[in-house]
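Me: I am a first-year student and would like to practise reading a protein model by asking about it piece by piece. Please reason through each answer carefully and finish with what I asked for.

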Amino acid sequence: MRKNFGKKSWLYPMPVLIVAAYDEAGVPNAMNAAWGGIFSDEMIGICLSEGHKTTKNIIATKAFTVSIATAEQVVACDYVGIVSGNKEPDKFAKAGFHALPSEFVNAPVIKELPMTLECELVSYDEESNHLVGNIINVSADESILTDGKIDIRKLRPITYDTVNHDYLELGTKVGNAFADGKKLK
């Protein structure tokens with residue numbers, strides 16, 4: 001038996017993305033965004049309302065970064081989601097974040113978050129709040145690499161549980177992609 005919940009914006013796993021951009025004076029800001037994901041091979045799509053300070057910064061500078069929120073930084077990542085950069089100008093620093101300039105776009109890489117997509121703005125639709133970015137580079141701190149590849153167990157990404165308002169850590173391997181299904185051929 002199944003229970004119907006009606007129309008909801010529930011999807012698992014829901015990534016916790018920390019979107020960062022400089023303002024026109026070079027001051028970094030960041031926000032927590034759950035509604036986003038890979039849009040195509042080289043693009044990311046995120047739903048960001050135009051009222052956010054970070055959204056305004058992205059539109060002004062045409063660049064942004066998207067870092068993967070981690071279990072280690074859950075408090076800071078939640079903080080940048082519940083505090084507005086429009087009201088708290090020191091939000092980035094109060095989160096304990098330090099900005100490193102991206103080598104590829106005019107946007108901050110958050111030192112404390114070890115995996116980052118560095119993006120150029122492609123489009124922003126004010127009606128749907130849909131932002132599309134071209135992924136110019138993916139950078140990862142060596143601390144999360146195993147044999148030169150990103151190791152999800154070292155990254156410790158979190159997902160947002162929209163139903164229960166929890167953050168959950170991802171990372172347990174349960175199978176082999178593009179291989180286990182061959183048993184049914």
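Me: Which side chain meets Lys-94 in a salt bridge?
Reply: In this predicted model, Lys-94 counts as exposed because its relative accessibility is 53%, and exposed begins over 50%. The other member of the pair counts as buried, at 17% relative accessibility. The two side chains meet at 3.1 Å, N to O, and the partner of Lys-94 is Glu-88.

Me: How many salt bridges does the structure hold?
Reply: Side chains of opposite charge can pair when their charged atoms come close. Lys-94 and Glu-88 make one such pair, and Arg-156 and Glu-169 make another, at 2.8 Å, N to O. For the structure, the number of salt bridges is four.

Me: How many residues apart in sequence are the parts tied together by Asp-23 and Lys-53?
Reply: The side chains of Asp-23 and Lys-53 meet in a salt bridge of 3.9 Å, N to O. Asp-23 lies in the loop between β1 and β2, whereas Lys-53 lies in helix α1 (residues 53–61), so the pair ties together parts whose separation in sequence is 30 residues.

Me: Is Asp-23 buried or exposed?
Reply: Its partner Lys-53 counts as partly exposed, at 25% relative accessibility. For Asp-23 the relative accessible area is 17%, and the limit for buried is under 20%. Because 17% falls on that side of the limit, Asp-23 is buried.

Me: In which strand does Glu-169 lie?
Reply: The side chain of Glu-169 meets that of Arg-156 in a salt bridge. This pair links distant parts of the chain, 13 residues apart, with Arg-156 in the loop between α4 (152–155) and β12, and Glu-169 in strand β13.

Me: Which residues of β1 point the other way from Leu-17, Val-19 and Ala-21?
Reply: In a regular strand the side chains alternate between the two faces of the sheet. Strand β1 covers residues 17–22, and six of its six residues are buried, so a buried position is found whichever way the side chain points. Opposite to the group of Leu-17, Val-19 and Ala-21 point Ile-18, Ala-20 and Tyr-22.

Me: How many bridges join β1 to β5?
Reply: Strand β1 is joined to β2 (residues 28–33) by six bridges, and these two strands run antiparallel. Strand β5 (residues 63–68) also runs antiparallel to β1, and Val-19 stands opposite Val-66 in β5. The number of bridges that join β1 to β5 is four.

Me: Which residue in the turn between β1 and β2 has a positive phi?
Reply: These strands pair in an antiparallel way, and the bridge partner of Ile-18 in β2 is Asn-32. They form a hairpin with five residues between them, and the turn residue with a positive phi, of about 90°, is Gly-26.

Me: Which side chain makes a polar contact with that of Asn-29?
Reply: Asn-29 is found in strand β2 and is buried, with a relative accessible area of 5%. Among the residues in contact with Asn-29, beyond its neighbours within four places in sequence, are Val-19, Lys-53 and Phe-92. A polar contact of 2.8 Å joins the side chain of Asn-29 to that of Thr-54.

Me: How many bridges join β8 to β9?
Reply: Strand β8 (residues 115–125) is joined to β5 by five antiparallel bridges, and the partner of Thr-65 in β8 is Glu-118. With β9 (residues 130–140), strand β8 forms a hairpin that has four residues between the strands. These two strands run antiparallel as well, and the number of bridges joining β8 to β9 is ten.

Me: What is the omega of the cis peptide bond between Tyr-12 and Pro-13?
Reply: Tyr-12 lies in the segment before β1, and Pro-13 has its place in that segment before β1 too. Tyr-12 counts as partly exposed, at 49% relative accessibility, and helps to make a nonpolar surface patch together with Phe-5, Trp-10 and Val-163. The cis peptide bond that joins Tyr-12 and Pro-13 has an omega of about -15°.

How values were computed: Residues are numbered from 1 along each chain as its sequence is written. This is a predicted model: local features need pLDDT of at least 70, side-chain atom pairs count only at pLDDT 80 or more; totals for chains, interfaces and linings use all residues. Side-chain values use heavy atoms; hydrogens and water are left out. Buried means under 20% relative accessible area, exposed over 50%, partly exposed in between (1.4 Å probe, protein chains only). Two strands pair if DSSP finds at least two bridges between them. Patches are made of residues with over 30% relative accessible area and no salt bridge: like charges are joined within 9 Å, nonpolar side chains (Val, Leu, Ile, Met, Phe, Trp, Tyr) within 5 Å. Accessible areas come from the Shrake-Rupley method with a 1.4 Å probe; for residues, only the protein chains shown count as cover. A polar contact is a pair of N or O atoms within 3.5 Å; within protein, one must be able to donate a hydrogen and the other to accept it, and residues adjacent in sequence count only if both atoms are side-chain atoms. Contact means heavy atoms within 4.5 Å.
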